[in-house]
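Here is a report on a single protein chain and its ligand. Keep the structure open as you read.

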Amino acid sequence: MNTDLVSYYKDRANEYEKIYAKPERQADLKNAASILQEIFTAKHVLEIACGTGYWTEKIAQTASSILATDINNSVIEIAKLKDFSNKNVSFEIADIYNFADNKKYESLFGGFIWSHILLQDLDKFLATITSLVAPGSTVVFMDNNFVAGSNHPLVETDKEGNTYQLRKLDNGTAHLVLKNFPTEEFLRSKVSALSDELTFFNSTYYWIMCYTTKKKQN
Ligand SMILES: C[S@@+](CC[C@H](N)C(=O)[O-])C[C@H]1O[C@@H](n2cnc3c(N)ncnc32)[C@H](O)[C@@H]1O
C-alpha cells in the first residue's frame, strides 16, 4: 500500500478539485473564502502547499501579492492555469522544510496541510513556519473537520495517535493517507506559545485558525 503523501498528491493533481465540488460543502467554502479574503486584504502572502491553487485564486482577489509554493510541479502546473486577473501571483516549487531564500514574509497561508503533518512533527513544522515569517506576522491554517459520510472513514490509528484514510485514485491505485482531525483545544495549545493573538473560525466542514506571531521572538 502506498503511504507516500507527496507522490499521492502528484498523482491526484488532475482530480484534486473534485473535493471542492461536494454539494454539502458549498456554503462553508463560500464563507471560508470570504474570511480568507478579509484576513489577507492588501497583504503579501507566502502560501505553502498551494496544490492546484483553489485558495490561491480566492485570496489573490484581495491580497497585494502571493508567492504560491508546493513540492509538486504537477499541481502547480494546474494552479497556473487559473484566472489571476490582478497579476499578483507567482509560483515556485518548494518543500516547506527547505526554502531557498531567507526572506521573511508578512503573512502565510497553509490550506489542508496541517492534517497531513504527523503529530510528532508538528512542533518542528510550526518552528519552520515561524522561521519563514517576520515577528508580528499573520499565519493562517485551514483544514477539515471530520464529518461522517462526507469524509473518508478513518481506517487506522498509529501508536502516536495519527489517523489514516484509505483513498483510491482514478488510476486504480490505493493509498493509505495520513489525515489528522485536531480539536480546537489541541490547535490552540500547539500555537499558544508562538502567538500574541489568535482567532478561530469553525464551520461544519472546516476550521480556520488565524494567529499573529509574537512581536518579540523568544
Ligand atoms: C491537501 S493538498 C492541499 C492543497 C491546497 N492547499 C488546497 O487547500 O487545495 C496538500 C498539498 O501539500 C503538498 N505538500 C506535501 N508535502 C509538502 C512539502 N513538504 N512541502 C510543500 N508542499 C507539500 C502536496 O503536494 C499537496 O499539493
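## Terms and model

Helices of at least four residues and strands of at least two are DSSP runs, numbered from the N terminus. An axis is a line fitted to C-alpha atoms, and angles between N-to-C directions run from 0 to 180 degrees. The model is predicted.

## The seven-stranded sheet

One open sheet has 7 strands. Their order is β3-β2-β1-β4-β5-β10-β9, with mixed pairing. β3 (89–93) and β9 (195–202) are the edge strands, each pairing on one side only. From one strand to the next, the twist averages 15°.

At the β3 edge, strand β2 (residues 65–70) runs parallel to β3, and 5 bridges join the two. Ile66 stands opposite Val89 in β3. At the other edge, helix α6 (residues 184–191) lies across β9 and β10. Helix α6 runs at about 160° to β9.

## The nonpolar core

The largest nonpolar core holds 39 residues. Which of them touch the most other members? They are Val45, Ile59, Ile66, Val140 and Ile208. Strand β10 (residues 206–213) gives the largest share of this core, 6 residues.

Take Ile59 as a case. Residues up to four places away in sequence aside, Ile59 touches Leu36, Gln37, Phe40, Val45, Ile66 and Phe109. Val45 and Ile66 are also on the list of core residues that touch the most other members.

## The ligand shell

The ligand is surrounded by 19 residues. The closest are Tyr9, Ala49, Gly51, Ile71 and Gly111. Two elements, α1 (5–12) and α3 (54–59), give two or more residues to this shell. The largest share comes from α1, with 3 residues.

What is the make-up of the shell by class? It has 14 nonpolar, 3 polar and 2 charged residues.

## The three-stranded sheet

A second open sheet has 3 strands in the order β6-β7-β8, and the pairing is antiparallel. β6 (154–157) and β8 (174–178) are the edge strands, and each pairs on one side only. The twist averages 35° from strand to strand.

β6 pairs with strand β7 (residues 163–168) over 3 bridges, in the antiparallel sense. Glu156 stands opposite Tyr164 in β7. Thr157 stands opposite Thr163. The hairpin of β6 and β7 has 5 residues between the strands, and Gly161 takes a positive phi near 100° there.

β7 and β8 run antiparallel, joined by 5 bridges. Gln165 stands opposite Val177 in β8. These two strands also form a hairpin, with 5 residues between them. Gly172, in that turn, has a positive phi of about 95°.

## Tyr8 and Val177

Tyr8 sits in helix α1, the helix that gives the ligand shell its largest share. Is Tyr8 buried or partly exposed? A buried residue needs 20 or more other C-beta atoms within 10 Å. Tyr8 has 19, so it counts as partly exposed.

Which residues does Tyr8 contact, leaving aside neighbours within four places in sequence? They are Asn2, His175 and Val177. Tyr8 and Val177 are 169 residues apart in sequence. In space, their C-alpha atoms are 8.3 Å apart. Val177 is the β8 residue that stands opposite Gln165, and Tyr8 belongs to α1. The contact between Tyr8 and Val177 thus links helix α1 with strand β8.

Methods. Residues are numbered from 1 along each chain as its sequence is written. This is a predicted model: local features need pLDDT of at least 70, side-chain atom pairs count only at pLDDT 80 or more; totals for chains, interfaces and linings use all residues. A residue is near a molecule or strand if its C-beta atom, placed from the backbone, lies within 6 Å of it. Ala, Val, Leu, Ile, Met, Phe, Trp, Tyr, Cys and Pro count as nonpolar, Asp, Glu, Lys and Arg as charged, and the others, Gly among them, as polar. A nonpolar core is a set of buried Ala, Val, Leu, Ile, Met, Phe, Trp, Tyr and Cys residues joined through C-beta atoms within 7 Å. A residue is buried if 20 or more other C-beta atoms lie within 10 Å of its own, exposed if 12 or fewer, and partly exposed in between; C-beta atoms are placed from the backbone. Two residues are in contact if their C-beta atoms, placed from the backbone, lie within 7 Å. Two strands pair if DSSP finds at least two bridges between them.
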